[in-house]
Amino acid sequence: QVQLVESGGGLVQAGGSLRLSCVASGSIFSLNTMGWYRQAPGKQRELVARISTRGTTTYADSVKGRFTISRDNAKKTVSLQMNSLKPEDTAVYYCNANLAISKWTRGDDYWGQGTQVTVSS
């Protein structure tokens, strides 16, 4: 049983900061790419940031320079530091991880339950 548990969401004023964290647990042989996605009301889910096993990062243009993704392979965690938050960042944020549960299985995508981030103007 694999679980991704997110924390750190909440309500913040524009210009403020939040740090989201996600911990993977359960039967995990290897963690591959991990990332954060978000979905705002009436919008499609979009990639916010992702990070490879070796630390290569990708960011959505809308968050470049404001958000930083990081991971701790030993702790099986991925974090998203969000600075200079804007009202348009308001969304449900989802943790994603591609992982294999054993050396014999392929890597599959797993998702956290989502955490609400609300930025007030």
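Okay, before anything else, one term: a residue is buried when its relative accessible area is under 20%, exposed when it is over 50%, and partly exposed in between, using a 1.4 Å probe on protein chains only. By that rule Asp-89 and Arg-38 are both buried.

A word on what we're looking at. This is a predicted model, where local features need pLDDT of at least 70 and side-chain atom pairs count only at pLDDT 80 or more, while totals for chains, interfaces and linings use all residues. Residues are numbered from 1 along each chain as its sequence is written, and side-chain values use heavy atoms, with hydrogens and water left out.

So, back to that buried pair. Asp-89 and Arg-38 meet through their side chains in a salt bridge, 3.0 Å from N to O. The pair links distant parts of the chain: Asp-89 sits in the loop between strand 8 (77-82) and strand 9, Arg-38 sits in strand 4 (residues 30-39), and they are 51 residues apart. By salt bridge I mean a side-chain nitrogen of Lys or Arg within 4 Å of a carboxyl oxygen of Asp or Glu. Strands here are DSSP runs (E, at least two residues), numbered from the N terminus.

Arg-38 also has a salt bridge to Glu-46, at 2.8 Å from N to O. Which residues make up the salt-bridge network? They are Arg-38, Glu-46, Arg-66 and Asp-89. Arg-38 has 6% relative accessibility, whereas Glu-46 is partly exposed at 35%.

The structure holds five salt bridges, and another one of them pairs Lys-64 with Asp-61, with the closest N and O atoms 3.0 Å apart. Asp-61 is exposed, at 64% relative accessible area.

Stay in the Asp-89 loop for a second, since Thr-90 is in the loop between strand 8 and strand 9 too. A polar atom of the Thr-90 side chain lies 2.9 Å from the backbone oxygen of Pro-87. If we skip neighbours within four places in sequence, Thr-90 is in contact (heavy atoms within 4.5 Å) with Ala-40, Gln-116, Val-117, Thr-118 and Val-119.

Next, the disulfide, meaning a pair of cysteine sulfur atoms within 2.5 Å. There is one in the structure, and it joins Cys-22 to Cys-95 with 2.1 Å from S to S. Cys-22 is in strand 3 (residues 18-25) and Cys-95 in strand 9 (residues 91-100), so the bond ties together parts 73 residues apart in sequence. Both Cys-22 and Cys-95 are buried. And the torsion about the S-S bond is about -80°, so this disulfide is left-handed.

Last stop, a sheet. Four strands form an open sheet in the order 1-3-8-7, with antiparallel pairing. Pairing means that DSSP finds at least two bridges between two strands. What stands at the edges? Strand 1 (3-7) and strand 7 (67-72) do, each with a single partner strand, so one side of each has no neighbour in the sheet.

Strand 1 and strand 3 are joined by five bridges, with Leu-4 opposite Ala-24 in strand 3. At the other edge, six bridges join strand 7 to strand 8, and Thr-68 stands opposite Gln-81 in strand 8.

In a regular strand, side chains alternate between the two faces of the sheet. Strand 1 shows how that looks: Leu-4 and Glu-6 point to one face and are buried, while Gln-3, Val-5 and Ser-7 point to the other and are not.

Note on methods:
Polar contact = N/O pair within 3.5 Å; in protein donor to acceptor, adjacent residues only side chain to side chain.
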